[in-house]
Amino acid sequence: RLPVRFNYNNRYFKDTWEGLPTDGYTAWMQRMIDDPRIHVSLGVDFFDESQPFNKRALAEAGVPVVYTGPVDRYFDYALGELKWRTVDFKEVRYEESDHFGCPVMNYSDADVPFTRAIEFKNFNPEREEVGGEASGEADFVPGKSVKAGETVVWQEYSRAATRDDEPYYPVNTDADKALYARYAELAAAEPRTVFGGRLGTYSYYDMHNVIDMALRAYESQVAPLLK
Ligand SMILES: Cc1cc2nc3c(=O)[nH]c(=O)nc-3n(C[C@H](O)[C@H](O)[C@H](O)COP(=O)(O)OP(=O)(O)OC[C@H]3O[C@@H](n4cnc5c(N)ncnc54)[C@H](O)[C@@H]3O)c2cc1C
């Protein structure tokens, strides 16, 4: 998944354009679901039959479903488990305005236990720094300002995932690929359920890939189920 280069270009991506939604992904998502026809229930497990929107109940009612969880979990691991890596995050706070001078610092050294560290503040260099000598805390505007003299960094510790972990990156060995191909056959035969996203298709996607995939899946797979 990681790009390998034999030159001195230290950028992670090689896309012509890179960016984030102007107000961030949270605001983008909030605006997308701001419609009286959309109801969101958080903290609900699709496999928990004590809540009404579970796998069995929806299948029996013939309700179209877009399932974005792990494909092997959907079939109760009937063919075996697909392997994933997960990440443990450790938050570190510094009493500095800017720790790295960039949003992402990668660590490839064998003696550093984390693979990268994210300094969120630096994703938005356009935001005005407040709280220093020039201005007071009262000037802080969420989404427009950052605080002087403090910064938050998350270190990422990578390890093999168990069933209880959040699956992040598919390991994707030849054995995993062969196993996923068999799950994909089961998924294709599942009536009125569309398997979407990174977990439902055992793939790694960047945001622009997964948005593109969702839009295409709507046209080709979801819309026909709604007719
Ligand atoms: C650590 C990390 C860093 C990344 N960094 C970048 C980056 O810098 N740039 C970039 O472009 N992309 C990045 N990505 C990729 C991007 O985050 C993903 O491609 C995108 O979030 C995938 O969207 P998705 O809808 O497929 O999956 P998710 O966002 O994982 O959504 C799946 C949803 O299904 C829900 N779900 C699963 N099982 C159940 C269940 N049983 N019951 C109910 N709900 C369930 C989950 O709660 C979740 O809300 C990163 C990914 C990771 C893991």
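Arg 73 sits at 24% relative accessibility, so it counts as partly exposed (buried is under 20% relative accessible area, exposed over 50%, partly exposed in between, with a 1.4 Å probe and protein chains only). The model is predicted: local features need pLDDT of at least 70, side-chain atom pairs count only at pLDDT 80 or more, and totals for chains, interfaces and linings use all residues. Residues are numbered from 1 along each chain as its sequence is written, and side-chain values use heavy atoms, with hydrogens and water left out.

**Exercise 1.** Find the salt-bridge partner of Arg 73 and say whether that partner is buried or exposed.

*Solution.* Start with the cut-off: a salt bridge is a side-chain nitrogen of Lys or Arg within 4 Å of a carboxyl oxygen of Asp or Glu. Arg 73 pairs with Asp 76, the closest N and O atoms being 3.8 Å apart. Now check the cover: Asp 76 has 56% relative accessibility, so it is exposed.

**Exercise 2.** Work out which parts of the chain the salt bridge of Arg 163 and Glu 81 ties together.

*Solution.* First, the distance: these side chains meet at 2.8 Å, N to O. Next, place them: Arg 163 is in the loop between β7 (151-160) and β8 (169-170), and Glu 81 in the loop between α3 (71-74) and β2 (84-94), so the pair links parts 82 residues apart in sequence. (Helices, H or I of at least four residues, and strands, E of at least two, are DSSP runs numbered from the N terminus.) Last, Glu 81 is partly exposed at 41%.
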